[in-house]
Amino acid sequence: MQRTLIARLIGTAIAAGLTVALTACGGSSHSSGLPTVTMMVGGIDKQIYLPYQLAEGLGYYQKYGVDMQLSTEQQGGVGAEEAMASGQADMAGAWYEHTIEFQQSGKDVISVAQLSGAPGEREMCANNANVQTPADWKGKSVGVTDPGSGTDDLTRYLAARQQLTTQDFSRIGVGEGSTLISALQRGRISCAMTTQPTVAAIEKKNLGYSAIDLASTDGAQKWLGGVYPAAGVLAQASWVNSHKDLVQKVVDALVATMHYIHTHSAADIAAHMPPKFVSNSLITKDDYIKALDQDKGQFLPDGMMPAGAPQTALTIDQQAGKIKQQIDLAKTYTDQYVIEANKTIGSGG
């Protein structure tokens, strides 16, 4: 999604402590003796980006033969997809739709694995908002992360599907986490689009309810008209083509992680995440587990790009006015590494 959607972190200090200096080693050896790959994630402590860190917690990167150096976006800093496109990182844990935007600007970036089939967002509305569908936004103020952000794109698209124009309601940038919660609590907005763990914090404080579910593939189908390919593994096509063996190792590790997510409980998953991710100023560990159990359906079981999902992403970008050129979607992703990974995982590898 837009960098402004994925860059925002809940608990910047947590993320900062986990950020690793990027050197874009491109396959050089590290102290482990394994080839090194660097990946920046768009917000590594957020549940929508859970698989990248979970793979580390499970030991899968090393198991499949790669020394993965993870880092995370910092608010106001370079975006994960920008770091990858400029060579500061080998890969990006970011939304698939960036591949479409890069193609329009003449850069060849592809998704080599798709980890989620929904944005992972929920439209959280104040208890007295009386909002059940986007049509109910008429005459109200609705929170987005920032103007032009991914949440702004989704909000405008949802409204357009209900025959609402941007003149029918107001969109206000409220950030995320504590600033979003404050705007909702003070009545500055009636609703806002956000992810876990902010969703859980709003519910725990009894400040609002989930009116629109974009945190599951079923929800994406209902409200967006199709499965939406959100978190993926992005890299420059030139890097992929010159590091095929490394790409396969990374995809093997992440596909194994997707299998783990779909065969284990939220509590099992939380046990392999950094403690500060699952218990912090916003939520307790129990809150985290409950939230993950609620929204685990956004994660795909096998890393494959869902049929029709790229077109859904393109349609939303076109509606938002971001894409004005012809896009060759076949060049924005590949399933070849995921297919091989599933063979490996399926055979007990």
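Q: In this predicted model, which residue with a positive phi follows helix H3?
A: Let's start at the end of H3, a helix spanning residues 50-57. After this helix comes a residue whose phi is positive, near 80°, and that residue is Gly 59.

Q: How many of the 8 residues of H3 are buried?
A: Helix H3 is mostly covered. Its buried residues are Leu 50, Pro 51, Tyr 52, Gln 53, Leu 54 and Ala 55. Out of 8 residues, the buried count is 6.

Q: Which residues have the most contacts inside the largest nonpolar core, and which helix gives the most to this core?
A: The largest nonpolar core has 104 residues, and those with the most contacts inside it are Met 39, Tyr 52, Met 91 and Trp 137. Tyr 52 is also one of the buried residues of H3. The helix that gives the most to this core, with 11 residues, is H12 (residues 244-263).

Q: How many residues does the second, separate core have?
A: This core includes Ala 92, Ala 94, Val 109 and Leu 234. Ala 92 and Leu 234 are also bridge partners, with Leu 234 in S10. The size of this second core is 11 residues.

Q: In which sense does S3 pair with strand S1, and in which with strand S10?
A: Strand S3 (residues 91-95) is mostly covered, with 5 of its 5 residues buried. With S1 (residues 36-41) there are 3 bridges, and Met 40 has Ala 92 of S3 as its bridge partner. With S10 (residues 231-236) there are 4 bridges. The pairing with S1 is parallel, and the pairing with S10 is antiparallel.

Q: Why do strands S7 and S9 each have one side without a neighbour in the sheet?
A: Five strands form an open sheet with mixed pairing, in the order S7-S6-S8-S5-S9. S7 (170-173) and S9 (208-214) each have a single partner strand, so one side of each is left without a neighbour, because both stand at the sheet's edges.

Q: What is the bridge partner of Val 142 in S7?
A: Strand S6 (residues 141-144) and S7 pair in the parallel sense over 4 bridges. Val 142 is also among the residues in contact with Trp 137. Its bridge partner in S7 is Arg 171.

Q: Which residue just after helix H16 takes a positive phi?
A: In H16 (residues 309-319), the buried residues include Ala 309, Leu 314 and Ile 316. What covers the buried residues of H16 includes helices H6, H7 and H10. Just after H16, a phi of about 80° belongs to Gly 321.

Technical notes
Residues numbered from 1 in each chain as written. Predicted model: local features only at pLDDT ≥ 70, side-chain atom pairs only at ≥ 80, totals over all residues. Heavy atoms only, no water. Buried < 20%, exposed > 50% of the residue type's maximum accessible area, 1.4 Å probe, protein only. Helix = DSSP H or I, 4+ residues; strand = E, 2+ residues; numbered from the N terminus. Contact = heavy atoms within 4.5 Å. Core = buried A, V, L, I, M, F, W, Y, C linked by side-chain atoms within 4.5 Å. Pairing = 2+ DSSP bridges. Lists of a residue's contacts leave out its neighbours within four places in sequence.
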